[in-house]
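Visitor: I would like to go through this model with you, taking one residue or pair at a time. Please give the criteria behind each term as we reach it.

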Amino acid sequence: MRDAALVDHDDDASGLRPRTLVTERYRLTWYVGQTYGELFDLQEDPHELWNLWRDEGYRSVRNGLVCRLLDEVCLCDN
């Protein structure tokens with residue numbers, strides 16, 4: 001049973017290739033080849049108003065979710 005959803009979208013017009021992992025608590029979006037992303041705590045911020053990507057207090061959460069996202073992407077590609 002999966003406990004997260006993986007969403008990918010390649011936008012040829014903008015050149016962006018976002019990859020999103022949504023768990024029960026968080027939504028993380030990583031833009032392939034970029035240094036920025038989005039991290040939202042869906043429990044504390046259900047309307048996704050505060051991007052926590054650069055928040056030092058969420059660094060370990062962000063890093064863990066990025067690793068999980070990359071694992072998911074690799075599993076899906078095989």
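Visitor: In which strand does Pro-18 lie?
Guide: This is a predicted model, in which local features need pLDDT of at least 70 and side-chain atom pairs count only at pLDDT 80 or more, while totals for chains, interfaces and linings use all residues. Residues are numbered from 1 along each chain as its sequence is written, and side-chain values use heavy atoms, with hydrogens and water left out. Strands are DSSP runs of E with at least two residues, and helices are runs of H or I with at least four, numbered from the N terminus. The run covering residues 18-23 contains Pro-18, and that run is strand β2.

Visitor: Is Pro-18 buried or exposed?
Guide: With a 1.4 Å probe and protein chains only, buried means under 20% relative accessible area, exposed means over 50%, and partly exposed lies in between. The relative accessible area of Pro-18 is 15%, and therefore the residue is classed as buried.

Visitor: Which residues does Pro-18 touch, not counting those up to four places away in sequence?
Guide: Contact here means heavy atoms within 4.5 Å. One of the partners is Thr-29, whose C-alpha atom is separated from that of Pro-18 by 6.3 Å although the two are 11 residues apart along the chain. The full set of residues touched is Val-7, Asp-8, His-9, Thr-29, Trp-30 and Tyr-31.

Visitor: How many salt bridges does a search of the whole structure find?
Guide: Side chains of opposite charge can pair when their charged atoms come close. The criterion is a side-chain nitrogen of Lys or Arg within 4 Å of a carboxyl oxygen of Asp or Glu. Applied to the whole structure, the search gives 4.

Visitor: With which residue does Glu-38 form a salt bridge?
Guide: The closest N and O atoms of the pair are 2.9 Å apart. Glu-38 lies in strand β4 (residues 37-41) and its partner in strand β3 (residues 26-31), so the bridge ties together parts that are 11 residues apart in sequence. Glu-38 is partly exposed at 21% relative accessibility, whereas the partner, buried at 14%, is Arg-27.

Visitor: Where does Glu-48, whose side chain meets that of Arg-27 in a salt bridge, lie?
Guide: The N to O distance in this salt bridge between Arg-27 and Glu-48 is 2.9 Å. The pair links distant parts of the chain, 21 residues apart, with Arg-27 in strand β3. Glu-48 is partly exposed, having a relative accessible area of 30%, and its place is the loop between β4 and α1 (59-77).
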